[in-house]
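User: I've got this protein open on my screen and I'd like to talk it through. Can you take my questions one at a time?

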Amino acid sequence: MPLSAELRPLSAVGERVRVDTVVETDVPAYRRAVETSRERIRPWNPVNPDDLAFHLRRQSDEHRTFLVRALPHVRVRGHDIVGKVNLTGIQRGRAFSGVLGYDAYDPYAGKGLFAEGLRLVVDVAFAPMPHGLGLNRVEAAVQPGNVRSAGLLRSLGFRRRGAYPRYLWLADAEGRDAWRDHVVYGVDRYDWPAEPYDRDDVAGPVVVVEAGAGEPGPRDVAAARALAAEMGVPVLRPTGPATGRPDAAWAERLADAATGAVVLVGRGGGVPSTGAPWAHTAVTTADLDGPSAVTRVALDAHRLAHATRR
């Protein structure tokens, strides 16, 4: 359906990408981009190569869809679509806010191009009308285990605003539908452009799993992975020695794990807590003996993180 004459096209150009509100001629290239990226996107978002037609029909003052496109000097064969960004639920009145949803597409994902494009979309969201949307705040919701997406938002200065249990009905990588928890990040125009990686904002649940003896073995790894799956967070390993405290570089890395983590260390290892911006629980592999024990530790970790959030 053609867009109404009153709905002004919006665009912005960066060093390597440009962003534009969608038009009908974008559909074929968009379909190729989504098909190319299906396996990478599927664990976190629905994959529908034909859904751009749906978004075209929905374009309005409350729903704008942008495509991030590679500029000619970084474009590769196949297609030029770096990603898609939906800005929906746009409210005026006293709120002036909107919600971001996005996907990055291969072969451009992981090269910083989509981050540049998302930054441009936020620029447009905050720019005064008629060349922007004149919003005051934008937010995005991320599943707790989607560390790359949370890291993307935090790299742009988005701060954690809260958590919504059972927020969206989504399938996982195996196609199992369920209500998925999400963590909400946001930024407002008075802080934009924002400082990246606000350490004081990190409050994800962290569990330090100590191996039974010496370096972690297969049983220790399996226990840590089971706990991480229950919590919806990644398993991380320190860069320092198995015994003693991890080094400063490791502490920096953990501080950037905004969604939380299961940290697997050798016997006698640990994570420093004094003055650190995260709350952590320490257990041993023996404490994770069976599904009920894993669930209990996961719940305790989430409760501790919730109690210590700012």
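Analyst: Happy to. One term before we begin: a pocket here is an open set of grid points with protein on both sides within 12 Å along at least five of seven lines, and its volume is the space filled by probe spheres set on the points. Keep in mind that this is a predicted model.

User: With that term in hand, what volume does the largest pocket have?
Analyst: The volume counts the space that probe spheres fill when they are set on the pocket's grid points. For the largest pocket, that comes to about 1200 Å³.

User: Which element gives the largest share of the lining of that largest pocket?
Analyst: The lining has 45 residues, and Asn45, Tyr102, Asp103, Asn146 and Ser149 lie nearest the pocket's centre. Several elements supply at least two residues each, among them α1, β4, α4 and β7. The largest share is six residues, and the element that gives them is β5.

User: How many residues of that lining are nonpolar?
Analyst: Split the lining by residue type and you get six charged and 14 polar residues. The remaining group, the nonpolar one, numbers 25.

User: Let's look at α1. Within what arc do its buried residues fall?
Analyst: The buried residues in α1 are Val27, Ala29, Tyr30, Ala33 and Val34. Looking down the axis of α1, you'd see these buried residues line one face of the helix, because they fall within an arc of 160°.

User: And which elements do those buried residues of α1 pack against?
Analyst: Contact here means heavy atoms within 4.5 Å. The buried residues of α1 pack against two helices and two strands by name: α2, α3, β3 and β4.

User: Just after α1 there's Ser37. Which residues does Ser37 touch, not counting those up to four places away in sequence?
Analyst: Ser37 sits in the loop between α1 and α2. Its relative accessible area is 0%, so Ser37 is buried. Leaving out residues up to four places away, Ser37 touches Ala104, Tyr105 and Asp106.

User: On to the aromatics. Are the rings of Tyr102 and Phe114 stacked, edge-to-face or tilted?
Analyst: The search of the whole structure turns up six aromatic pairs. For Tyr102 and Phe114, the ring centres are 5.7 Å apart and the planes are at 40°, so the pair is tilted.

User: How many residues apart in sequence are the parts that this pair ties together?
Analyst: Tyr102 and Phe114 are both buried. Tyr102 belongs to strand β5 and Phe114 to helix α4, so the pair ties together parts whose separation in sequence is twelve residues.

User: What about Tyr164 and Tyr167: how far apart are their ring centres?
Analyst: Tyr164 is partly exposed, at 41% relative accessible area, and Tyr167 is partly exposed too, at 31%. Their planes are at 35°, so the pair is tilted. The distance between the ring centres is 4.9 Å.

User: Which residue shares an aromatic cluster with Phe126 and Phe158, and also has a cis peptide bond to Pro193?
Analyst: The cis bond leads into Pro193, with omega about -5°. Pro193 lies in the loop between β8 and β9. The residue joined to Pro193 by that bond, and in one cluster with Phe126 and Phe158, is Trp192.

User: Where is Pro107, which has a cis peptide bond from Asp106?
Analyst: The bond from Asp106 to Pro107 is cis, with omega near 5°. As for its place, Pro107 is in the loop between β5 and α4.

User: Phe96 has a positive phi; what's the value?
Analyst: Phe96 lies in the loop between β4 and β5, and counts as partly exposed at 29% relative accessibility. It isn't a glycine, yet its phi is positive, near 50°.

User: Last one: what distance separates the C-alpha atoms of Ala224 and Thr285?
Analyst: Ala224 is in helix α6 and is buried, with 0% relative accessible area. Beyond its neighbours within four places in sequence, Ala224 contacts Val235, Val262 and Leu264. Ala224 and Thr285 are 61 residues apart along the chain, and their C-alpha atoms are separated by 7.8 Å.

Notes. Residues are numbered from 1 along each chain as its sequence is written. This is a predicted model: local features need pLDDT of at least 70, side-chain atom pairs count only at pLDDT 80 or more; totals for chains, interfaces and linings use all residues. Side-chain values use heavy atoms; hydrogens and water are left out. On a 1 Å grid over the protein atoms alone, a cavity is a set of points where a 1.4 Å probe fits but cannot get out, and a pocket is an open set with protein on both sides within 12 Å along at least five of seven lines; lining residues have an atom within 4 Å of a point. Helices (H or I, at least four residues) and strands (E, at least two) are DSSP runs, numbered from the N terminus. Ala, Val, Leu, Ile, Met, Phe, Trp, Tyr, Cys and Pro count as nonpolar, Asp, Glu, Lys and Arg as charged, and the others, Gly among them, as polar. Buried means under 20% relative accessible area, exposed over 50%, partly exposed in between (1.4 Å probe, protein chains only). The arc is that of the directions from the helix axis to the C-beta atoms. Rings of Phe, Tyr and Trp (its six-membered ring) pair if their centres lie within 6.5 Å; planes under 30 degrees apart count as stacked, over 60 as edge-to-face and the rest as tilted.
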